[in-house]
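Hi there,

Here is the structure I promised to pass on to you. Have a look at it first, and then read on for what turned up.

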Amino acid sequence: MTSQAETLVGCAGFRRGLRVDRRSFLKVGILGATGLSLAELLRAEARADVGTTSNSVIILWMRGGPSHIDTLDPKPDAPAEYRGEFGVRQTRVPGITLCDLLPLCGKIMPKWSIVRSLYHGDAGHSSGDQICFTGYPSGPNPDENSHPSCGSIISKQLGQQSLRIPAYVMIPRMVPGTGSAYLGVAHKPLETLADPARSGPFVVPNFAMPSGVSLERIGSRRELLHNFDTIRQGVDRDGHMGALDQFQQRAWEMVTSPAARQAFDLDREPAPVRERYGFMPSYDPKASNRCGAPAWSQRILLARRLVEAGVRLVTVDLRWWDTHVKGFESLRDGFLPRFDRAYSALIEDLDQRGLLASTLVLAWGEFGRTPRVNSDAGRDHYPNVFSAALAGGPVQGGRVVGESDAKGAFPKSNPKTPQDVLALLYRHMGVDVAKQYSNSSGRPIAVLSGGTPIAELCS
């Protein structure tokens, strides 16, 4: 269940989008009521052409829309009502500045780059999510995907790198835009459900044994089938369980495989590594109209473990950058110190492990914030220009692509779209963006209908 602190935040439109779909808990995962989707995923991938790329993607999803002016695109020469309360800090790359609350990010600026001229035309949270995850406008219900997310496309085209490691993972659970739409449940993300941000041991329910079942008890194929049949009886009432076959047996192999269980076992990380990412407690502004933040630093570390184990795409929920009210206070006390520490730790960690060249890291949200500070010392939704941070894979560090105008209101030069970012992501993964899949009406839809990979980041 989602806690009160997680739901009573942000604008009213955002809160309406936070409803937890109980049925989703029955469709995702590996055992018990969650056994269906993994088995279907394996079944679908047996029919697909599985790619051989070893590349991966981590999306750090800054839910709510981070202020570009107060993070990656400061405007120190703008009037006070535009530039905000923060100062500016030079990075290790001459000519590139950041908000002064991002010192660690500035020190590793040679390893990552910024796009400052992104834009689209939708100021809704969930509808903006859809654009950034799918490259298409949202359908009539922006909380549900009408087009498949980039993770689902990658799952469909490339499949798993290993039969025992899922292709697409969401930490801790799905958000609008991350669904599989007409590609079907087989290509939804595996949700960890458990949250590394919470105190106590990190145990993924998907890898826990159902009641009355242990590995020691599974001594024969007959017992295996019996246990699946027992599980299925409860699930059949909801119509989610298919026939037991080789794919469900492979699902069982995944849950019992050391590779999968170890990949999700965050407690195996050395204490100094976990401390580098940070153990900052959750940020609670103690006001229902302001944004709180779980302690999501350890979610980012888990993402690194998963791509190291062979997961193709991991999306990490870094909620809630919806800073309408006392936004500077929320950024200063909550969001920016966490992001500075955890993002810089991730990039350095991947680099030290030899994973940065194969792992594209994309940190962004659904839009930016208004250039002019509002009467509540915050900024409102603003899709007309915003920024993204990219590192790894084909991206060369120490670059800025595009420019916003003097007040951070519109792209001034080299405008880019979310489709351009997705085109770069897909090229890194070897996805055929011209390939078409039939939607629920039988109409063929291309992976992307537009967008050009951002060459300035790569050459």
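A good place to start is helix α15 (residues 418–429), which lies across β1, β4 (112–118), β8 and β11 (386–391) and runs at about 160 degrees to β8. Please keep in mind that this is a predicted model.

Those strands belong to an open sheet of 8 strands with mixed pairing, in the order β6-β5-β7-β1-β8-β11-β4-β12. At its edges stand β6 (190–191) and β12 (400–401); each has a single partner strand, so one side of each is left without a neighbour in the sheet. The partner of β6 is β5 (residues 168–171), and the two pair in the parallel sense over 2 bridges, with V169 opposite L190 in β6. Another helix, α7 (residues 125–134), also packs on the sheet and touches β1 (56–61), β7 (313–317) and β8 (359–364). The direction of α7 makes about 165 degrees with that of β1.

Now for the rings: the structure holds 10 aromatic pairs. In one of them, W61 and F133 have ring centres 4.5 Å apart and planes at 55 degrees, so this pair is tilted. W61 sits in strand β1 and F133 in helix α7, 72 residues apart in the chain. W61 counts as buried at 0% relative accessibility, and F133 counts as buried at 1%.

W321 and F339 make an edge-to-face pair, 6.1 Å centre to centre with 85 degrees between the planes. Both are buried. They also belong to one aromatic cluster together with W112, Y283, W296, F335 and Y343.

Enjoy exploring!

Technical notes:
Residues are numbered from 1 along each chain as its sequence is written. This is a predicted model: local features need pLDDT of at least 70, side-chain atom pairs count only at pLDDT 80 or more; totals for chains, interfaces and linings use all residues. Side-chain values use heavy atoms; hydrogens and water are left out. Two strands pair if DSSP finds at least two bridges between them. Helices (H or I, at least four residues) and strands (E, at least two) are DSSP runs, numbered from the N terminus. Contact means heavy atoms within 4.5 Å. Axes are lines fitted to C-alpha atoms, for helices over the stretch in contact, and angles run from 0 to 180 degrees between N-to-C directions. Rings of Phe, Tyr and Trp (its six-membered ring) pair if their centres lie within 6.5 Å; planes under 30 degrees apart count as stacked, over 60 as edge-to-face and the rest as tilted. Buried means under 20% relative accessible area, exposed over 50%, partly exposed in between (1.4 Å probe, protein chains only).
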